[in-house]
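Q: I have a model open and want to learn to read its features. Where do we begin?

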Amino acid sequence: METAPKPGRDVPPKKDRLQTKKKKPRRYWEEETTLTAAGASPGPPGSKKRNRELRPERPKNANITKKSRISRKPHLPKKPRERRNLEPQRSVSGAQDPFPGPAPVPVEVARKFRRIDKSKKLPHSKSKTRSRLEVAEAEEEEISIKAARSELLLAEEPGFLEGEDGENTAKISQADIVEAVDIASAAKHFDLNLRQFGPYRLNYSPTGRHVAFGGRRGHVATLDWVTKRLMCEINVMEAVRDIRFLHSEALLAVAQNRWLHIYDNQGIELHCIRRCDRVTRLEFLPFHFLLATASETGFLTYLDVSVGKIVAALNARAGRLDVMTKNPYNAVIHLGHSNGIVSLWSPAMKEPLAKILCHRGGVRAVAVDSTGTYMATSGLDHQLKIFDLRGTFQPLSARTLPQGAGHLAFSQRGLLAAGMGDVVNIWAGQGKASPPSLEQPYLTHRLSGHVHGLHFCPFEDVLGVGHNGGITSMLVPGAAEPNFDGLESNPYRSQKQRQEWEVKALLEKVPAELICLDPRALAEVDVISLEQEKKERIERLGYDPEAKAPFQPKPKQKGRSSTASLVKRKRKVMDEEHRDKVRQSLEQQPQKKEKAAKPLRARPSALDRFVR
């Protein structure tokens with residue numbers, strides 16, 4: 001009969017219990033391998049275990065306290081690390097990447113985003129400046145490659161209206177286009193019947209989400225035309241000649257019969273600028289925060305809306321100013337005059353930058369494309385002309401219209417719209433960088449009243465037309481840029497995002513003095529003007545202040561660099577330089593005539609000192 005073991009029997013002693021260690025479970029990254037001769041066993045990656053045999057044994061009689069910092073390990077020279085052959089990265093499944101490394105970028109695509117011309121050699125300058133230029137070139141190259149790679153993420157592509165074989169697209173009506181497109185695009189075509197307050201002028205916000213329009217009889221309204229939500233609607237009880245959004249849809253500038261007024265998006269009047277009176281046309285420069293106004297008195301006025309100060313008031317000396325537009329590329333204002341001349345203005349100059357004789361009669365309308373390359377003008381001689389603004393100012397093409405165009409507008413993709421009476425004609429070119437072809441119109445639309453204002457909506461294939469009967473939104477396929485920059489003009493931004501963008505735009509505001517015909521010239525040095533200014537300064541001062549650097553004494557030790565000792569050393573050097581200058585001036589002066597020869601004597605006398 002078996003009996004249960006008594007407690008304390010057949011139980012291993014405590015010493016043996018410590019010797020028997022519990023076997024650790026094997027992890028999935030460990031392989032079942034036999035122990036090597038050194039006794040090492042594979043462990044998890046990054047394990048801190050080391051081979052015990054490689055460690056030097058601690059002597060038994062060594063008395064080392066815990067606070068001792070003396071290392072008893074033998075000092076062995078470090079072996080240089082061997083470079084391992086980097087194998088191609090493998091995925092989780094173990095398959096090898098068939099396309100290792102970054103994707104190659106075509107040179108033509110990267111060249112489109114490059115701004116630095118590598119054909120020009122770097123100037124011979126100091127090593128520090130040269131290294132900075134090389135770093136800037138490397139950064140520009142890297143940014144252009146990143147932009148070329150991110151171009152694949154632009155899902156939207158521009159598309160034009162194409163007719164069947166032999167079909168003229170100008171005969172396709174807006175009803176046919178609305179019937180062929182999807183529901184969301186068809187909702188962008190609408191008519192607002194506002195005959196009692198017309199004719200109307202309109203303007204779209206920089207993001208293209210909101211539209212503001214003002215009638216000749218005082219009606220002013222802003223509308224979210226995508227959702228058809230009315231933001232504000234007021235009647236100013238006097239004629240409205242022009243209307244413009246400022247840097248955002250929260251502020252609105254209205255040129256009324258007497259003065260210029262600023263309203264917010266709720267229709268509340270914020271400012272009344274009485275120095276800008278009898279304003280006929282408005283233009284806003286977003287990167288400079290300047291509001292340009294043209295008046296009946298012939299003055300072109302620039303108002304800085306960030307500080308509320310008039311930057312410049314220029315007299316054009318050409319009578320009433322009723323034709324004005326801006327160049328989006330260089331922020332130069334183009335004014336059309338009654339003598340057929342278009343003048344280009346900058347707030348930094350009191351005289352026009354250039355004058356272009358465009359027509360034999362008065363200029364009725366002027367428009368400049370988004371790239372700043374081409375300018376379209378129309379005059380009383382019923383001529384529509386396209387000019388090249390790249391330094392030549394020569395007409396590229398011209399067309400005689402049966403009725404002169406009173407209003408012109410360019411789209412983001414280079415389409416040109418012209419309002420002639422109650423008809424709107426649109427001409428298209430080969431692409432964004434090519435001028436529009438005036439041979440055959442791309443689209444034609446007839447309105448219920450005479451055209452009074454044209455403006456293409458940014459980032460939407462929509463043309464807004466203001467006329468006597470109200471507002472019309474036309475569908476123009478291929479007119480706008482299909483992809484927008486969310487950090488620059490985001491139509492779906494929230495109020496917080498708009499506020500942050502305003503702060504960033506104010507910090508990056510461009511001074512008004514930098515507006516010129518060629519913005520690329522700002523990064524270059526005008527050597528001729530610099531030498532002329534240097535000569536004038538030398539003539540005015542009488543010496544060259546940059547000829548030699550002023551003496552700067554070196555610091556010395558043991559208290560010899562006190563203020564008094566430094567001043568003494570400087571004065572000593574200045575005195576020596578002054579003596580050298582006096583000595584040189586005396587040498588250059590003509591020598592004085594020698595005195596009359598004295599009678600020679602055999603022996604000198606002591607009384608000769610009193611002889612004069």
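A: Begin with an annotation. The unreviewed UniProt entry lists residues 356-390 as "repeat: WD". Keep in mind that the model is predicted.

Q: What is the helix and strand content over residues 356-390?

A: That stretch is 0% helix and 57% strand. The C-alpha atoms at its ends lie 13 Å apart.

Q: What is the average pLDDT of the protein, and where is confidence lowest and highest?

A: The general idea comes first. Where pLDDT is low, predicted coordinates should not be read in detail. Here the protein averages 82, and 80% of the residues score at least 70. Confidence is lowest in helix H1 (residues 14-19), with a mean of 50. Strand S15 (residues 333-336) is highest, at 97. Residues 33-54 have pLDDT below 50, and in the model this stretch makes 16 contacts beyond near neighbours in sequence. Residues 59-73 are also below 50, with two such contacts.

Q: Which residues touch the most other members of the largest nonpolar core?

A: In soluble globular proteins, nonpolar side chains tend to be buried together. The largest nonpolar core here has 34 residues, and Val-424, Ile-426, Leu-463 and Val-476 touch the most other members. Several strands give two or more residues to this core, including S2 (200-204), S3 (210-215), S24 (423-427) and S27 (462-467).

Q: What does Ile-426 touch, leaving out residues up to four places away in sequence?

A: Its partners include Leu-415, Leu-416, Pro-441, Tyr-442, Leu-463, Met-474 and Val-476.

Q: How many residues does the other core hold?

A: That core has 30 residues and lies apart from the largest one. Among its members are Ala-294, Ala-331, Val-368 and Ala-512.

Q: Now a charged residue. Is Asp-224 buried or exposed?

A: Buried means under 20% relative accessible area. Asp-224 has 5% relative accessibility, so Asp-224 counts as buried. Asp-224 sits in strand S4 (residues 219-224). Beyond residues up to four places away in sequence, Asp-224 touches Arg-209, His-210, Arg-229 and Met-231.

Q: How many disulfides does the structure hold?

A: Zero. The test is a pair of cysteine sulfur atoms within 2.5 Å.

Q: Why is there no bond between Cys-276 and Cys-272?

A: The sulfur of Cys-272 is the closest cysteine sulfur to that of Cys-276, but the two are 9.9 Å apart, so they are too far for a bond.

Q: Are Cys-276 and Cys-358 buried or exposed?

A: Cys-276 counts as buried, because its relative accessibility is 2%. Cys-358 is buried too, at 3%.

How values were computed:
Residues numbered from 1 in each chain as written. Heavy atoms only, no water. Buried < 20%, exposed > 50% of the residue type's maximum accessible area, 1.4 Å probe, protein only. pLDDT = per-residue confidence, 0-100. Helix = DSSP H or I, 4+ residues; strand = E, 2+ residues; numbered from the N terminus. Contact = heavy atoms within 4.5 Å. UniProt positions renumbered as here; feature names shortened; annotations may be inferred. Core = buried A, V, L, I, M, F, W, Y, C linked by side-chain atoms within 4.5 Å.
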